[in-house]
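Me: Could you take a close look at one part of this structure for me? I would like to follow the charged side-chain pairs and then see what lies in the nonpolar interior.

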Amino acid sequence: VLFLISVLLHLYFNYKAVTSIEMDDLNPCRFACLVKYFHTQCPNQFFSIKHVNKAETAFVWNLLLLPNYKLGVSLKSKKNFVFSSDGRCVFSQDRDGIINVSLQNCVSSEEIIKIAFICNIYLLSYPNGVLSEEIINPKYSQLFESFKNKLLEHKWKVKDSLLMCESWRYHVEN
């Protein structure tokens, strides 16, 4: 009984410690919260670091609620390509409905955040998740600038991120 009480107290205090930390890095959960707030035009206070950290849960199953896309994946065995106008990335969709984004080798961290934003907004706008040419609509780039300004206003780190991005990149010969 004493052991069980000790374990439960340990878990409770670890949970409180983890949830009390306010981080200004963009991880997948915090990023998805911010994009959702932006998409639903929530008031400005929803973008504060404190508010978003409270909205993020400390449990693993929260990862199941993330939008269905992967960054930095191989082009191998992919179909239905949609090429970005600047040639920096290629969108495709696999049989499971996951949107895969292959990135050019010179894509910066900030561009990765932009591409992740576009994927999030696209999947919020088109819940069926079927990939179409709409994903490269210039309006998403314009929305990103407004989103980025909100992040900077609330002192989020946008130069680097903790977004899940695989390391595969493609190279374009001149």
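**Salt bridges and the core**

Reply: Happy to. Let's begin with lysine 159 and glutamate 110, whose side chains form a salt bridge with an N to O distance of 3.5 Å. Lysine 159 sits in the loop between α5 and β5, while glutamate 110 belongs to helix α4, so this pair ties together parts that are 49 residues apart in sequence. Please keep in mind that this is a predicted model.

The two partners differ in how they are classed by accessibility. Lysine 159 is exposed, at 62% relative accessible area, and glutamate 110 is partly exposed, at 21%. Since buried means under 20%, the 21% of glutamate 110 puts this residue in the partly exposed class.

This pair also has company: Glu110, Glu145, Lys148 and Lys159 are linked in a network of salt bridges. Within that network, glutamate 145 and lysine 148 meet at 3.9 Å, N to O. A salt bridge here requires the nitrogen to be within 4 Å of the carboxyl oxygen, so the 3.9 Å of glutamate 145 and lysine 148 counts. Both of these residues lie in helix α5, three residues apart, or about one turn of the helix. Glutamate 145 is partly exposed at 37% relative accessibility, whereas lysine 148 counts as buried at 15%.

By the same rule, the count comes to seven salt bridges. Another one of them joins the side chains of aspartate 24 and lysine 157, at 3.7 Å from N to O. Aspartate 24 is in the loop between α1 and α2, and lysine 157 is in the loop between α5 and β5, so the pair ties together parts that are 133 residues apart in sequence. Both partners are partly exposed: aspartate 24 has a relative accessibility of 23%, and lysine 157 has 42%.

Now for the nonpolar interior. The largest nonpolar core has 39 residues, and those with the most contacts inside it are Phe31, Phe91, Ile99, Val101, Phe117 and Phe147. At least two core residues come from each of α2, α3, β1, β3, β4, α4 and α5. Helix α4 gives the most, with ten residues.

Phenylalanine 147 is a good place to zoom in. Leaving aside residues up to four places away in sequence, phenylalanine 147 touches Phe31, Leu34, Val35, Phe38, Phe47 and Phe117. Two of these partners, Phe31 and Phe117, are also listed among the residues with the most contacts inside the core.

Terms used. Residues are numbered from 1 along each chain as its sequence is written. This is a predicted model: local features need pLDDT of at least 70, side-chain atom pairs count only at pLDDT 80 or more; totals for chains, interfaces and linings use all residues. Side-chain values use heavy atoms; hydrogens and water are left out. A nonpolar core is a set of buried Ala, Val, Leu, Ile, Met, Phe, Trp, Tyr and Cys residues joined through side-chain atoms within 4.5 Å. Buried means under 20% relative accessible area, exposed over 50%, partly exposed in between (1.4 Å probe, protein chains only). Helices (H or I, at least four residues) and strands (E, at least two) are DSSP runs, numbered from the N terminus. Contact means heavy atoms within 4.5 Å.
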